Amino acid sequence: MNYYVRRLLTLLLTVFFVVTLTFAAFRIIPGNPALTILGTEASDEQIALLEAKLGIDRPLPEQFADWLKGALALDFGQSLRFSEPVLKLIQDRFPVTISLSLLALAITVAAAVPLGIAAARSKGKVADMIISIGTQLGLAIPSFWMGIALILVFGLALRWFSVSTYVPWSESPYLALKSLLLPAIALAVPQIAIVVRYLRTTLLEQLNLDYVRTARSKGLKERSVLFQHVLRNALLPVITVVGINFGELLAGSLVVEQVFTLPGFGSLLITAIGNRDYPLVQGMVLLIAFIVVTVNFIVDLSYRVLDPKIRMK
Amino acid sequence: MLNNKRHYLWVSIILLLSLVTAACGSSNSGGNKNNSSGKETAAPSATAEPKQEENKPEGGKVEGGSVVVSIPQDLDYLDPHLAVAAGTQEVLFNVFEGLLKPNEKGELYPAIAESYEVSPDGRVYTFKLRSGVKFHNGNAVTAEDVKFSYDRLAGTATGKPLSPAFNSVESIEAPDAATIIIKLKENNTSFLTSLTAAVIPNGYEDSNKNPIGTGPFKFKEYLPGQRISVEKFADYYVKGVPVLDKVEFRIITDPEASLLALKSGEVDIYPRIGTEKLEELGDKFQAVSAPQNLVQLVTFNIDRKPFNDIKVRQAINYAVNVDEIIAGVALGKGTKLGSNLSPVLAKYYQEGLEDTYATDIEKAKSLLAEAGLKDGFETTLSVPSNYQFHVDTAQVIAQQLGKIGVKVKIEPVEWAVWLERIYKGRDYELTIIGLDGKLDPYQILNKYLSDSPNNFFNYKSTEYDNTLQSAVAEVDDAKRVELYKKAQTILAQDAAAVYIMDPNLNVALNKKLAGYKQYPLYVQDLSTVYFTN
């Protein structure tokens, strides 16, 4: 109990810390939202009028306190750029980004675990070599480049997928999946490479330990040694990697969304930053920070399930 | 507790991500060239029906259809009176109309008005409204609607004009349902083009959510950051216009993604496509390319040393080889300039100025020597990083100036920073920018007035101020033209900036489309576009 309370407090503190820093950072860097909205032809009166309307002419502590008060009540204010509530903009975009990240995560796990096992089992053989070369490539190719390559091959040459059309899940789950599959693959490839290499190493480490010899000597089949004993232990560090990389997936999806023109967080965050749309940036950073911290929390909890020896203090 | 460090790792990564993105700048979100009003003082009285010229009528004309246009940035407001960004104007052009409307040649023709007269002293404008013009909600347009709209812009009730162009309005009257009389405080020949501003229904305050205009297309749907859709307005007063049933403006900020969308057929029209991309498309698509009434220039901060010395400014003008820039950066698709006006405004354009500073390295060096800078100097050229075109230009210029011993450091700046620090704060040495097209020369040249809030050149010349002020007040057409030409000559002689070119605006279109008209304005006119079979 004690542990969970403390974890929760750290979690909240971390998120608060992120938000405060974001607020401060964005007020320090130059740029004026009103000016950016209105551009070069605006008169000084038009700019002043808009500044007052946006409330950005007030003292900074007042703005921050106001925002914080609202955020506690889940009211993140109005976007400066879109004159719509931040929460609504986030709600519209979030499903795209999160489903893209989750899909990429599913692909990563589905592809990486068998590949990692295969590589460990065929250590030093041709299959291991091929997988190793594959993961090297996967690590070297950036997602956005991969995305462009996938569009060129599957979108333009083969015409299997349509490019730059996003269909929401509510409209057609099949088409939604179809529009997210290519970007999810682009996003998953480097992750698969990381997880495969990691899993292969931990599996090989475990295979050299005493308990494996014991298991083998008591006559267990190699298959059950691997799946019942070794894999369980080898997965522990792998889950850590997957957990940590979930944040990377989120960050990566912001970039990949741009390549595939998916209406997710990526374009919204970039627009928000480019326009100094403070409330929108803060709302989005808050949400992303919250997700990442929570995922880490869940990863910690999962250790306990996988290995009851680990005590949470 | 396990792995607390990881949280901070994550926190820092998120922060870094946001900071890096901030520093790199958004690739296009700042593409707000602005163009609050189109202009051209056409013949003071005109009754002609709008001409509907179709450009390439090949193959049969197909009625209806739906077109997707890719636009690089989101809209600032749907309310046409609040919208300032040019990227918004180009979309709303299809939805709203004013008393007057510009055509593809940059001339004004009557739209909601049928005819108008200007009093001899240039202070009273009398408009007769066209009959049969309807709003998208089905109501007929009356003089009261016009009065409401222009009062709103002039801030008659609030005392705060929404548009600076309406500052000079003294009163707006609607003596009967079909007549509007606008009185100005003083003669202002550039005012007429302000009357292209949108007319909205009397008392209507919901324009930002559900805009209602009189244009060929009516508003259907807007999803912030994604798209704005408009559909055919069947009651439009010009018969046979528009042809298309539906137009979607899809916001695609990344130029590569735009190109891919065009290639895959998701997008039919890609305006402002880069010249290199256009060449890459080959002949699978139609291409339109024409000057766009934009002035690309290198500005000096004239308050700063050594640019306060005209000799230094002239030396740099002699050292910059504009032809090389046009060939190298615009791949030949640009029109050389000598002052702050594009030849698109043929009537006012002063010819010959583009050769004022024909490239002459020796002369440039000797001018520098006369200014006491024999060994050259170091300076910083700030470029808005979201405009690749300007960034490329900066690189060529840095290399050219190197030949006369001027060491140029290129500083890329994010658009939001450019606006605040360089444009408003005037804190820079050299910068490159494109100053964009109005139809009235005064609206373009007034940035150079000594007291203009947007005089980011810090240019000060009494002679120039007097010339431009008398030009805008001059009722006689020929005399006014002469004064505007003189103003351009003064800028060239003072080497107020290095005028480079009016880069062509390129548009790539689906081969099945016809009837697209390119404007010397920030406008995408879809009303005449149609499919062929």
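**Strand pairing and one helix in chain B**

Author: B:Leu513 stands opposite B:Phe531 in strand 21 of chain B. This is a predicted model, in which local features need pLDDT of at least 70, side-chain atom pairs count only at pLDDT 80 or more, and totals for chains, interfaces and linings use all residues. Residues are numbered from 1 along each chain as its sequence is written, while chains are lettered from A and ligands numbered from 1 in the order in which they are written.

Reader: What makes strand 20 and strand 21 of chain B a pair?

Author: Strands are DSSP runs of E, at least two residues, numbered from the N terminus, and two of them pair if DSSP finds at least two bridges between them. Two bridges join strand 20 to strand 21 (residues 530-532) of chain B, therefore the criterion is met; the two run antiparallel.

Reader: Which strands of the open sheet 1-21-20 in chain B are called edge strands, and why?

Author: Strand 1 (61-62) and strand 20 (513-514) of chain B each pair on one side only.

Reader: What shows that helix 9 of chain B has the expected span?

Author: Helices are DSSP runs of H or I, at least four residues. The expected span is 1.5 Å times one less than the number of residues; for the 15 residues of helix 9 (388-402) of chain B this gives 21 Å, and the end C-alpha atoms are 21 Å apart, so the values agree.

Reader: Which residues of helix 9 of chain B are called buried?

Author: Buried means 20 or more other C-beta atoms within 10 Å of a residue's own, with C-beta atoms placed from the backbone. B:His390, B:Thr393, B:Ala394, B:Ile397, B:Gln400 and B:Leu401 are buried. They cover an arc of only 130° around the axis, so they lie on the same side of helix 9 of chain B.

Definitions and conventions. A residue is buried if 20 or more other C-beta atoms lie within 10 Å of its own, exposed if 12 or fewer, and partly exposed in between; C-beta atoms are placed from the backbone. The arc is that of the directions from the helix axis to the C-beta atoms.
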